[in-house]
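Biologist: Please take one helix pair in this model and go through it closely. Then set it in the context of its chain and of the neighbouring chain.

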Amino acid sequence: MNLLFAITTGIMFGLGVFQLLRRDLIKSAMGFFILFTAINLFFLAVGAFTPEVPAYIDPATNQPIRDGQIADPLVQALILTAIVISFASYALFLSLINISSKRYETVDSDNVDQLTQ
Amino acid sequence: MSIVVITALPFGLAALAGALRSRLPRVIWTVLTTGLMAGLFGWLLSFLPVINAQGAVEFALEWVPTLGLTFSFYLDGLALLFGLLVTGIGTAIALYTGFYFDDNAETTRFYTLLFAFTGAMLGVVFSGNLITLFIAWELTSITSFLLIGFKGAKSPDARYGAMQALLVTGAGGLALIVGLVLMGVAGGSFELQTLITMNLADHPWYTGMTILIMLGAFTKSAQYPFHFWLPGAMAAPSPASAFLHSATMVKAGVYLLARLYPTLGNTPLWTNTLTIVGLATLLFSSLMAIRKRDLKALLAFTTIGQLGVMVALIGLPESNGLKAAMVSILAHALYKAPMFLIAGVVDHATGTRIIDNLGGLRRQMPGLAVITGLAALSMTGMIPWLGFVAKETLLDAFLGDPLALVVIVVSKALTVAVAMIVFWDVFIREPEEEIHYHDPGNGLLVGPGLLAGAGSVLGLLLPWTIIPLITPAVPKEFELYLFPGFNLPFALSTLAIVVGVLIFLVRWPIIRAQLPRIPTGEEVYQAIVGSVEWSADQLLKTQNGKVRLYLVVILASFVIIMAASGSVGLAIDPIQLDPANIIFEQTDILKLLLLLLAVGATVAAILFREHLLAALAMGVMGYSIGGIFLLEQAPDVALVQFLIETLATVLIILMIGRINTSHREQAMRVNFEQRRIGLVRDGAISVALGFVVMLFALASVTNRPRFDTIATWHIVNAYPLTGVTDVVSSIIADFRGTDTLIEIVVFAMGALGVITLLSAGRGRPQYNPIYVRGLLLQVPGIASPFTRAVAVLILPFALLISITHVLYGGSAPGDGFTAGVISGLGVAVWFVVYGYGEARERLWWIKPGWLITAGLALAFANALFPLFIGDAFFAIQKPAGIEAPVGLHIASTLIFEFSIFLTVFGGVSLIMEAIAHPDEMSSDLQTEASVSDEAANMVEEMVTK
């Protein structure tokens, strides 16, 4: 299954890059977010174990709550951090587009070529 | 320690100059600056007995111990001699500067630079470490650049000269640092006190590092063919020219060569290079000097010549030239610095430095004429001036080399002629035209007078002054007399004076003769600078300002590099690629479906023309991925993914609403009217990049560690160490807590960035309650009584859920972050339903800025607290022995989770508030707003009636 995740990571990454390269900056921002998602999927794919139970501990025994292979908690922590940061960047990117619309009267990246103004 | 203070004091005065100079009376400031220089001179002089007794004084501060870098100082005879030179000449310069400038703001800038330079120069000579020496060396280059360009605002020459000096010495500096690093590695130490006890002549890198270090020294000390920057540097104010470009900074190269003589010197390479370059510089610059008619340019060329003398002397084997070099350094500083200061006075008094336009100044300035005479006599090498001693020792050092003697005698004869030109043509010869003259004041004469006077009497006081000074700086025993008897050097010296007088008498043909043009260093410099500018122009042509194209180039280069390296994909284990190994069980089929849905939604997001539809497709993609997280037994991640996806969808829809519709429509059109070739290009890059990433991901997956990973440690230790049963939460909030701390700071900064960008150029909003309520009428579908009631209910529930997330974050999905997002969504509903004004008015108690501040303050206090009880940063312990209510685990992460909640709640509310601000309405909505404004006015009128 992880191999499928890896392959999907590649597909999503390619789609994200294509979207990022659009002239329409709003589409471009979406491409940005697709890339973030693809990378999170990658993190999931490289988790150390093939998960069967969530990474929760029974306080009584200090063992996983159910029998079975526990999910890799480390990659989950990494993904959590990545999601939060990606949202903050996304919000900033969208604000910049807003500025572009107000100040340069366009959201077409090819028309925004006078950034010194 | 006192060496550090001596080096630091000028920097301190440089920092204070801005505050002090304009507040203090001019006299007191001049006394203060002169006094500081004189005090440093005296302080350094007090080291002389110590140095004579024990050889050197060292002081070291640990800097980067792991890299073997120390901030060390090393004061021996050589360093002391240069230190005294800097502070001694500096005293006269400071005094002179006090009278030189008209009182204005520019003067403060000059003082700042002058003292910064003094500190840097003392840093060069007192550094005990190659790296600190280099840093101080570059600092002198930078201050020199700023001083040459001092009048740059008005004078293009000053800008050109400053740039030229910086580029030439900077290029030399690059060679120097490589040479110094090679030397440090070869010698096994960067400390001077270690290096000067060894000789690296037999090291395989010797030739390379010596040539590199010489390049640094030659550019700094203006040796042929790098000399040309020094005449260009004459655009600096005269006190700076006298100080930097005659007496001290240009001698830094000489200092470095003398300093490294024990380590690198006394080899054929050293001797041949230094004597040939030095003597060639001497001859060439003497020929140039006599033909110059600008007083300062003429002096600059004689300075270059004297630097050549010093370089050549240091080149001599067995330390034979060091005595003469040290005498030359002192003698030259004592006659050339006053010469430059005199040129400054003449310039000040008459407004010109061109010798042809000057003459007869002895009548107006008899005192200056006397001082010039004294300095000129020392320059000609007349007995008993110090210049005479310098010339005798120089000739004596080169006695075995007839060719060198010829060069020296010719050059000295030319120098004699130059000195006579300076004195005679400026002060005695009758001027051809009337000279415009204004009295510069006698204060300007004190500085040059002191220096020229010292140069005149020190020759007579050799045993009590010069000899004790240079003894610790010269490694071998030597003898020095004012008049060693009628020997060959004396005969040659007399010959030089006689020839010099003859040249002076027949000088006009020499000055006016047309010389054949030879390529100069300056032309090479201009060619290099020109070609750099040409390439810059060519490069600029590829920059069309379209950011998208840059991205294409960057991504394509990445793909090409990855493909060319051929490393990607090699590590994929083929056995695991077997389809039988891919799908194991039935839930995998569900995952497969979700993956397909995600990919399909992404494709849809690309293909949809309408932004709103694309945004919704993005939402579908995100939710599918969230489902996969859930199936992959990662409930915490899935929860965050669902929440963030919701928030992101709300965000982009609101943002789309804020962007002018006509702009969006134009962008939508061009998106699909792209030329086919462009689409193919983008598609090809996307496919290639996706393929590279896929290979990378496959390689990672097939090679990931299976059993022995740090994850196991986290699973075993999560509960015992943190009291948290959710391992992911324990990693986020405890084990990797610092990461999360940085993460919430980034999140807060992102939110602040959004509000800063969106509120750019608008003041604090003024609310007209009626106006803002009127706005609501435009969204009747949303602002129905039902939705209003729901919005009122949602917020308390959201806050309640948030509290449970914070409290139970350790044992259930959800944590401080999800709590913050949920509450933030509750606020977002208010902004959507009630509009900006009313939401702000009724939710006055939610202050996003304060929430962020409180959250971050709490987080940092929590992280710093263990430091105060003697533990490590962020070492929060699980509180023991506290009885918690049933079902609630008090864990080490509780306070941190709460601070995360506050920060994220504040951040999300801030973003929502920024977007909901009425000014952010797109223009079509604003027109309606003005209509409703009229309606509001009508309402107001009715109310008043």
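Modeller: What follows is a walk through the packing of two helices and their surroundings.

This is a predicted model: local features need pLDDT of at least 70, side-chain atom pairs count only at pLDDT 80 or more, and totals for chains, interfaces and linings use all residues. Residues are numbered from 1 along each chain as its sequence is written, and chains are lettered from A and ligands numbered from 1 in the order in which they are written.

The pair is helix α9 (residues 206-220) of chain B and helix α14 (residues 268-291) of chain B. Helices here are DSSP runs of H or I with at least four residues, strands are runs of E with at least two, and both are numbered from the N terminus. The two axes come within 11 Å and cross at roughly 20°. Axes are lines fitted to C-alpha atoms, for helices over the stretch in contact, and angles run from 0 to 180 degrees between N-to-C directions. α9(B) and α14(B) are therefore roughly parallel. That term covers angles under 35 degrees. Their crossing is right-handed, meaning that the near helix is turned clockwise from the far one by less than a right angle.

Which residues meet? From α9(B) come Thr207(B), Thr210(B), Met214(B) and Phe218(B). From α14(B) come Leu269(B), Trp270(B), Thr273(B) and Val277(B). Contact means C-beta atoms, placed from the backbone, within 7 Å. The residues of this contact divide into five nonpolar, three polar and no charged. Nonpolar means Ala, Val, Leu, Ile, Met, Phe, Trp, Tyr, Cys and Pro; charged means Asp, Glu, Lys and Arg; the others, Gly among them, are polar.

Take Thr210(B), in helix α9 of chain B. Thr210(B) is buried because 24 other C-beta atoms lie within 10 Å. The cut-offs are 20 or more for buried, 12 or fewer for exposed, and partly exposed in between, with C-beta atoms placed from the backbone. Leaving aside neighbours within four places in sequence, Thr210(B) is in contact with Leu264(B), Leu269(B) and Trp270(B). Leu260(B) is 50 residues away along the chain, yet the C-alpha atoms of Thr210(B) and Leu260(B) are separated by 9.7 Å.

Now the loops. Asn266(B) lies in the loop between α13 (261-264) and α14 of chain B. Its phi is near 65°, a positive value in a residue other than glycine. Asn266(B) counts as partly exposed, because it has 17 C-beta neighbours inside 10 Å. Pro225(B) sits in the loop between α9 and α10 (229-232) of chain B. The peptide bond from Tyr224(B) to Pro225(B) is cis, with omega near 5°.

Next, the whole chain. Chain B has 40 helices and two strands. Of its 945 residues, 49% count as buried. Among contacts in chain B with a separation of 6 or more, 79% are between residues 24 or more positions apart.

Finally, the partner. In all, 99 residues of chain B are in contact with 76 residues of chain A. Helix α31 (residues 676-703) of chain B gives the largest share of the chain B side, 14 residues. That side has 62 nonpolar, 22 polar and 15 charged residues. The mean pLDDT of chain A is 86, and 95% of its residues reach 70 or more. pLDDT is the predictor's confidence in each residue, from 0 to 100.

Technical notes:
Contact = placed C-beta atoms within 7 Å. Parallel < 35°, antiparallel > 145°, perpendicular 65-115°, else oblique.
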